[in-house]
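Reader: Please take a close look at one part of this structure and describe how it is packed.

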Amino acid sequence: MRLLKKTGTRYLLLTLEPQRYSPGAYLLLKDRLSDRGLLLQIIDIEYADLPGLLEDYLREELESELVVEVEDHDPMGILNVLTEVRDASLLVCEARAAIAGDQLDEFVGYAPSRAQSIVQVLEHEQLATLLNPGKVHYPICIGSFWRSSVDTEFVIDAERLDGTVSVITGMKGMGKSHLAKHLVLGLLKYNVPLLVLDVNGEYTRIGYLRDGTPAPWHNRIHVLRPCENYQLSVEAIGLRSFIRLLANALQLPAQSQRVLRIAWQNLEQRGITPTLSALMQEVMRRNGVSYQVREAIYSRLEYLRSTQLFNDQAAQQDPVPDLLAKGNTVILDLHSLSPMLQRVIVEYILSKLADLLEQRALPPLFLVAEEAHLYLRDTHWEEIVTRMRHLGIFTIFVTNQPSRIPDHVYRQLDNLFLFRFVNENDLRFVARASRIDVDTVRYLLPNLPRGVCLVVGVVTRNLPVLVRVSGLEAEAQGETRRFFATPRLSAASALARAAS
Ligand SMILES: Nc1ncnc2c1ncn2[C@@H]1O[C@H](COP(=O)(O)OP(=O)(O)O)[C@@H](O)[C@H]1O
Ligand SMILES: [Mg+2]
C-alpha cells in the first residue's frame, strides 16, 4: 500500500488488494523514523483512475469478440499482473488523530513523510485499547466492532457517560431504541438512577428475560403508567410546580396564575386541602376576578380533572423521586396519553426533579427521552442541556427526526450514535450537527445495515467507530397490541408447553 496524496486531513492510499479493507476501518500511517503516526479511517473505496486503463478495457472488449485463447500464450503470468493492476483501488481516508507512542493527540496537522511512512491495519483489539486505555471501571458492552474477523467487544465505560448529553438517531427500525435499552440495562447494573420517557410503551418489558420470566434486575424496574398506577395529588405537587405546570404545559396567562396562587393560599389559610375541585370552587367564589381569568383557570383545571392524572386520594408524595434516589429505573409509559397530557407530565416531572437536584435532595440521574420533540417545549431543550445538566440530569435523546432537535443541543453534545440514513436532508443535517466531516456521514451512513451504528464522542475519545449492536438479554418489545391477536410463542415457552 502506498500513500498517494494528502489534501488537508484527507488522505488517498493506493492498494492492490481492496478486498482486504472496508469503510470504517482504521489504518495506522507510521513514520519509520520516529514513533509518530496518524490514525486514518477509511471512509470510502474508489477504483483507481489509472491512465490508459480505459484504452485497455476497450481493447479487451474488442478482443473478446475475436475469441483469442490468450492464457496459453502467457508464460510470464503477465495477465495476472494486469488484472491486479486493474483492481488497484484508492482508499479514501480521513485523519482522525495523531499518535505518539501509545498516546492519542487530536492534532492531525502534520504531514507524515511520503517516502518514510508505512501503513498498517489497526486491528480491533488495538483500537479497543486506544479507546479505553486504562481499566474500564463500569463496562457496558453494547456489541462488537463491525466487521471484526474475531469478535472484539465494543465496551463503553459508564463513567464516560456520566455528565454527558447524547443523541441516538437514524431511520425508523434501525435499532435506536434497542441500543437505548442496552444503555438502560447497562446503567441499571450499576444502580444508576434512571428515568425513561417511553412514548411508545416499548421499555415496559425490560424487567423480563426473553423467555418471559422475570430478570434478576426485575425488582429495580418500575413501570409507571400515568392516570393508572401513577396518580398525583395536587397538594403533593405543591404550589410552585402546579403553577409552573399550568403556565408551561397549558399556557395559563400570567394574570390567571396570580389569581390561582391567591386562591391556593386562601385555601391553605382556611385549613382546606387544595384539591382540583377546591381550587375550582375558590376561583369561582372570588369577587373582582374577570370572567376571562376565571374561565382560563377553570377550563384548565377541568381538563386536568378529566385526565384522571390527579387523584385527591393519591399518595402524599410522588413516588418517582424516591425510587430514583434509591438507584432504580423508572419507566414512565406515556404511550396511551394524548400529546397534551404527555407534555403536562413531562413538564411536571422535569421541574420536580430539577428542584430536588437543586436542593441536593436527589443524586444525579440519567434521562432517556424517546422522540422528545413530541412533548418537550422548545425552551426546555436548552434548559435540559445547560441548566439541568449542570444540576445533574444527563440526557440520552432518541429520535428518527434529527432536525427536530435544536442546533444548540448538538453544539453541546458529547456523544452521537448514528444509525442508517439515506435521505439527503437527514444526511446533510447530521453531518452539520455532528462534528465529523460531511463525507464520512455521506459515505458511511447510507450503507449501514440494521443494528450497526457509528459512535462518536466522549465514549470513543472522538474517534468515529462502527459498532454492531448485539442482541438484548431482556425482552426488547413492550406489550404490542395487535389486530390479529394470536400470541406468538417464544421458542422456550413453546417447548415448555409441548413438554407439559
Ligand atoms: N442489534 C440488534 N440485534 C437484534 N435485534 C435488533 C437489533 N437492533 C434492532 N433490533 C430489532 O429491530 C427492530 C427495530 O429496532 P428498534 O430499536 O425498535 O428501531 P428504532 O428505534 O430505530 O425504530 C426491533 O424489533 C428490535 O428488537
Ligand atoms: Mg424506536
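Author: What follows concerns one helix and its two helical neighbours. The model is predicted, with local features needing pLDDT of at least 70, side-chain atom pairs pLDDT 80 or more, and totals for chains, interfaces and linings using all residues. Residues count from 1 along each chain as its sequence is written, chains are lettered from A and ligands numbered from 1 in the order in which they are written, and side-chain values use heavy atoms, without hydrogens or water.

The helix is H10, residues 291-307 (helices are DSSP runs of H or I, at least four residues, numbered from the N terminus). Its axis and that of H9, residues 276-285, come within 10 Å and cross at roughly 165° (axes are fitted to C-alpha atoms over the stretch in contact, and angles between N-to-C directions run from 0 to 180 degrees). H9 and H10 are therefore roughly antiparallel (over 145 degrees). From H9, Leu276, Ser277, Leu279, Met280, Val283 and Met284 meet Arg294, Ile297, Tyr298, Leu301, Glu302, Leu304 and Arg305 of H10 (contact means heavy atoms within 4.5 Å). By class, nine residues in this contact are nonpolar, one is polar and three are charged (Tyr and Met count as nonpolar, Ser as polar, Arg and Glu as charged).

The other neighbour is H7, residues 239-250, whose axis comes within 12 Å of that of H10 and crosses at roughly 95°. H7 and H10 are therefore roughly perpendicular (65 to 115 degrees). Here Phe242, Leu245, Leu246 and Leu250 of H7 meet Arg300, Leu301, Tyr303 and Leu304 of H10. This contact has seven nonpolar residues, no polar ones and one charged. Leu301 and Leu304 of H10 thus appear in the contact with H9 and in the contact with H7.

Definitions and conventions: Helix = DSSP H or I, 4+ residues; strand = E, 2+ residues; numbered from the N terminus. Parallel < 35°, antiparallel > 145°, perpendicular 65-115°, else oblique.
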